[in-house]
Amino acid sequence: MEMKKQERRNLLPEGRYYKANLHCHTTVSDGRKTAAEIKDMYQKHGYSIVAFTDHCVYERHEELNDENFLAIGACEVNINEEKDDFAVTKVYHLNLYDMDPSVNRERKQEDLCPTMAYEDIEEINAYLERMEKLGFWICYNHPYWSLQTEQDFLPLKHVSAMEIYNHGCELDGLYGYNPRLYDAALRGGKRWFCVATDDNHNASEEGDGLCDSFGGFTMICPEEFSYQGVMDALKKGRFYASMGPEFRSVYVEDSVLYVETSPVEKIYVSMRGRDCYRKAAPCGQTITKACFPLSGEEGYIRVEIRDEKGRYADTNAWFPEEFMK
């Protein structure tokens with residue numbers, strides 16, 4: 001497919017990015033820190049946004065909001081197989097993020113937890129549709145920890161994103177980073193975004209090697225720093241996922257993809273097939289730029305970078321109608 005002559009098109013939006021943890025547990029469920037303690041901890045590490053996703057309990061924590069910090073009202077729900085041994089039980093874990101707390105306010109305070117059987121995908125999707133209509137943005141969580149493959153998650157509907165990195169899972173078993181499962185979702189027809197999160201419970205204190213805070217985050221670029229601005233940015237995909245590296249710009253001009261980053265060892269562009277566009281720094285050095293001619297036959301593109309500490313950052317996927325305009 002021939003690419004048309006084009007002016008610069010920013011795939012990652014220009015503007016200020018705010019650091020967010022979109023998966024967090026507090027003393028409201030099984031976390032060890034209060035919401036106020038979480039705010040204090042995370043602000044000291046440069047975060048401006050935390051979504052409080054306690055298990056099957058929806059809390060807004062609006063008292064924490066100020067001009068420098070936003071608490072996102074949310075909860076995490078689960079649907080489990082019926083087994084005696086949880087270690088081998090498949091589960092669906094999903095985060096529900098409140099797009100607008102002023103809408104359906106009382107109904108959202110009711111019990112949101114699903115009750116259908118794990119195998120009943122029709123009822124699961126009916127539940128997810130109800131949650132979406134109620135005003136929630138839905139993220140599919142930690143597929144590897146959940147013992148799931150694409151056969152489990154491809155039938156899901158009404159989901160907008162999945163966790164490409166979950167820091168708590170990385171500490172549990174070195175299985176927190178799942179870019180190949182994100183590609184499986186994309187190749188299976190999903191147009192999901194990807195986020196990086198902590199999923200912190202804070203059983204280990206800061207400074208401990210098993211502290212599950214400050215490892216995965218999502219950089220969000222809202223048009224304005226407000227609750228509605230942030231949720232609108234999530235809905236539109238104005239963000240990227242990271243463990244540390246930063247994207248400075250990603251854009252297309254005259255059928256060429258340009259990527260600018262913080263210092264990294266590798267810049268790769270994944271697509272529908274097994275091939276990748278790639279650039280790597282010489283051993284012991286770093287790079288901050290790369291450019292790749294686009295053919296228009298990629299199916300989708302997404303950029304993945306890795307720094308000298310082995311930490312990754314990932315963009316959402318873009319499809320031909322987005323990068324070929």
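# Exercises on a predicted model

Leu147 is placed in the loop between strand S6 (136-140) and helix H4 (150-153). The model used in these exercises is predicted.

## Exercise 1. Backbone angles

Determine what sign phi has at Leu147 and at Asn202, and state whether Asn202 is buried or exposed.

*Solution.*

1. Most residues other than glycine have a negative phi.
2. Leu147 is not a glycine, yet its phi is positive, at about 65°. With a relative accessible area of 37%, Leu147 is partly exposed.
3. Asn202, which is not a glycine either, has a positive phi of about 65°. Its place is the loop between strand S8 (193-197) and strand S9 (217-220).
4. The relative accessible area of Asn202 is 2%. Buried means under 20%, so Asn202 is buried.
5. A glycine may be set beside these two residues: Gly237, which follows helix H7, has a positive phi near 75°. Helix H7 spans residues 227-236, and its buried residues are Tyr227, Gly229, Val230, Met231, Ala233 and Leu234.

## Exercise 2. Cysteines

Establish how many disulfides the model contains, and explain why Cys139 and Cys211 are not bonded to their closest cysteines.

*Solution.*

1. A disulfide requires two cysteine sulfur atoms within 2.5 Å.
2. The sulfur atoms of Cys56 and Cys113 are 2.2 Å apart, and the two residues form a disulfide. Cys56 lies in the loop between strand S3 (47-52) and strand S4 (70-80), and Cys113 in the loop between helix H2 (105-108) and H3, so the bond ties together parts that are 57 residues apart in sequence.
3. Cys56 is partly exposed, at 28% relative accessibility.
4. For Cys139, the closest cysteine sulfur is that of Cys194, at 9.6 Å, which is too far for a bond. Cys139 is buried, with a relative accessible area of 0%.
5. For Cys211, the closest cysteine sulfur belongs to Cys24, at 11 Å, again too far for a bond. Cys211 is buried at 9% relative accessibility.
6. The count is therefore one disulfide under the 2.5 Å cut-off.

## Exercise 3. Salt bridges

Identify which residues are joined with Arg302 into one network of salt bridges.

*Solution.*

1. The model has 21 salt bridges. One of them pairs Glu304 with Arg180, the closest N and O atoms being 3.5 Å apart. This pair links distant parts of the chain, with Glu304 in strand S16 (residues 301-306) and Arg180 in helix H6 (residues 179-187), 124 residues apart. Glu304 is buried, at a relative accessible area of 9%.
2. Arg302 forms a salt bridge with Asp314, with a distance of 3.0 Å between the closest N and O atoms. Because Arg302 lies in strand S16 and Asp314 in strand S17 (residues 312-315), the pair ties together parts that are twelve residues apart in sequence.
3. Both partners are buried: Arg302 has a relative accessible area of 0%, and Asp314 has 2%.
4. Through shared partners, salt bridges join Arg180, Asp183, Arg302, Glu304 and Asp314 into one network.
5. Another salt bridge is formed by the side chains of Arg248 and Glu246, at 3.3 Å from N to O. Glu246 is partly exposed, with a relative accessible area of 36%.

## Exercise 4. Surface charge

Name the residues that gather in a patch of negative charge on the surface, and state whether Glu122 is buried or exposed.

*Solution.*

1. The patch consists of Glu82, Glu119, Asp120, Glu122 and Glu123.
2. Glu122 belongs to helix H3 (residues 121-134).
3. The relative accessible area of Glu122 is 63%. Exposed means over 50%, so Glu122 is exposed.

Conventions
Residues numbered from 1 in each chain as written. Predicted model: local features only at pLDDT ≥ 70, side-chain atom pairs only at ≥ 80, totals over all residues. Heavy atoms only, no water. Patch = residues over 30% accessible without salt bridge, like charges linked within 9 Å, V, L, I, M, F, W, Y side chains within 5 Å. Areas by Shrake-Rupley, 256 points an atom, 1.4 Å probe, with all protein chains shown as cover. Salt bridge = Lys/Arg side-chain N within 4 Å of Asp/Glu carboxyl O. Lys, Arg positive; Asp, Glu negative; His and termini not counted. Charge placed at Lys NZ, Arg CZ, Asp CG, Glu CD. Helix = DSSP H or I, 4+ residues; strand = E, 2+ residues; numbered from the N terminus. Buried < 20%, exposed > 50% of the residue type's maximum accessible area, 1.4 Å probe, protein only.
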